[in-house]
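Visitor: I've got a structure open and I'd like to talk it through with someone. Shall we take it from the overall fold down to single residue pairs?

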Amino acid sequence: MAQTILHKADTRGYADHGWLKSYHSFSFASYYNPQRINFGALRVLNDDSVDGGRGFGEHPHDNMEIISIPLQGDLEHRDSMNNVAVIKNGDIQVMSAGTGIYHSEYNSDAHNQVKFLQIWVFPNKRNVEPRYDQLTLQAGERHNKLQQVLSPNADDAGVWIHQDAWFNLGGFDKGVSVNYKLHKPGQGVYVFVLKGDVKINDQLLNTRDGFGIWDTDGFDITAETDAEFLLMEVPMEF
Amino acid sequence: MENIQILVICRHPEILATVVRLINNKPEWKATGCETDESAINAFEATKHAVVLIGAGVDADSERHLRQTFTGIHPQVKIVQHYGGGSGLLFAEIYGALNAQ
């Protein structure tokens with residue numbers, strides 16, 4: 001029988017740094033909740049808003065697969081591998097921090113906030129060579145269907161990471177339903193609702209709610225309103 | 001009250017310095033950072049550390065050797081792998097280790 005866990009949006013951790021406002025689905029920085037450390041290999045899901053003209057100064061990372069999905073506005077990225085890029089709304093960015101990387105992310109629009117998801121997945125191998133990639137996604141390819149945006153395979157759709165993880169975005173009209181099949185035993189899916197209401201089997205979810213489901217082969221997801229959501233399939237043991 | 005001693009081993013000097021600085025921002029914690037296995041073992045022999053963080057670049061053979069050495073000296077020590085290289089997971093990793101049975 002499927003196991004589930006519900007994280008309502010208003011129960012997330014919250015940090016207000018002035019220029020940065022961040023909701024944490026799992027323990028992060030000074031938000032520590034021993035009941036919310038991770039969902040399998042999914043360790044961080046931050047829902048960030050960065051003020052205009054501000055950003056994250058240069059800072060290090062190691063041994064983590066870091067995925068950023070801008071939801072509004074653009075972020076300027078620089079890193080110690082000499083990558084300079086702008087991640088736009090509609091893109092997905094991935095960094096394998098491995099043995100160590102420095103980067104900065106900056107909102108170069110002086111007047112408008114950037115909103116983006118920052119997602120960290122434990123790697124399946126420590127101390128890999130650092131790497132960076134980004135991809136522009138076609139929003140039309142997730143209208144009333146799932147769009148794979150991340151996988152473990154370099155030659156598959158979307159970006160890839162060092163973990164048996166598959167991410168899908170959906171943008172469904174009210175009433176549309178699909179069945180999601182997990183890729184293999186031992187995996188779980190964390191659903192994060194970006195906008196609107198969806199139902200997973202019989203569980204209703206609202207905007208910014210999170211819902212984990214595991215010990216199952218698959219589940220139905222139905223849009224109760226026009227809705228956008230992200231499915232993150234990860235190993236439960238890693 | 002004595003500080004809680006935390007040993008950090010990391011091959012990447014800038015990340016090591018960052019992690020040590022972040023830990024030492026907590027008045028109740030005291031971090032020692034080491035880049036090499038030898039210096040880490042020396043530091044561990046000199047001071048009773050409650051927690052050891054295995055950071056970036058420490059390969060599996062070194063980690064096995066360090067774990068064996070540290071638990072031989074101080075069986076109750078909590079040894080955890082550090083992920084992320086910054087403030088994001090650091091405090092949860094340390095709190096988790098300190099609260100572990």
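Visitor: In chain A, what share of the contacts with a separation of 6 or more comes from residues 24 or more positions apart?
Guide: Keep in mind that this is a predicted model. Contacts here mean C-beta atoms within 7 Å. Among those in chain A with a separation of 6 or more, the share from residues 24 or more positions apart is 71%.

Visitor: How many helices and how many strands does chain A have?
Guide: Look for helices in chain A and you'll come up with zero. The strand count is another story: 22.

Visitor: And what is the radius of gyration of chain A, next to what the globule rule gives?
Guide: For 238 residues the globule rule gives 18 Å, and chain A comes close to that, so it is as compact as a globular protein of that length. Along the principal axes, its C-alpha atoms fill a box of roughly 45 × 40 × 35 Å. As for the radius of gyration itself, it's 17 Å.

Visitor: Which stretch of chain A does UniProt list as "domain: Pirin N-terminal"?
Guide: That comes from an unreviewed UniProt entry. The stretch is 0% helix and 56% strand, with its end C-alpha atoms 20 Å apart. The record puts the domain at residues 14-121.

Visitor: Is strand E4 of chain A largely enclosed or left open?
Guide: Across the whole of chain A, 43% of the 238 residues count as buried. In E4(A), residues 42-50, eight of the nine residues are buried, so the rest of the structure leaves this strand largely enclosed.

Visitor: Which strand pairs with E4(A) over eight bridges?
Guide: Strand E3 (residues 20-24) of chain A pairs with E4(A) in the antiparallel sense, over five bridges, and there Lys21(A) sits opposite Ser49(A). In the eight-bridge pairing, also antiparallel, Asp48(A) has Phe116(A) as its bridge partner. That strand, residues 114-121, is E11(A).

Visitor: Which strands stand at the edges of the open sheet of four strands?
Guide: The order in that sheet is E16-E21-E18-E19 of chain A, with antiparallel pairing. From one strand to the next, the twist averages 25°. Each edge strand has a single partner, so one of its sides has no neighbour in the sheet; the two are E16 (177-181) and E19 (203-205).

Visitor: Which residue stands opposite Val198(A) in E19(A)?
Guide: Strand E18 (residues 198-200) of chain A pairs with E19(A) over three bridges, in the antiparallel sense. Opposite Val198(A) you'll find Leu205(A).

Terms used. Residues numbered from 1 in each chain as written. Chains lettered and ligands numbered in written order. Predicted model: local features only at pLDDT ≥ 70, side-chain atom pairs only at ≥ 80, totals over all residues. Buried ≥ 20, exposed ≤ 12 C-beta atoms within 10 Å, placed from the backbone. Pairing = 2+ DSSP bridges. UniProt positions renumbered as here; feature names shortened; annotations may be inferred. Rg over C-alpha atoms; globule rule 2.2 N^0.38 Å. Contact = placed C-beta atoms within 7 Å. Axes fitted to C-alpha atoms, helices over the stretch in contact; angles between N-to-C directions.
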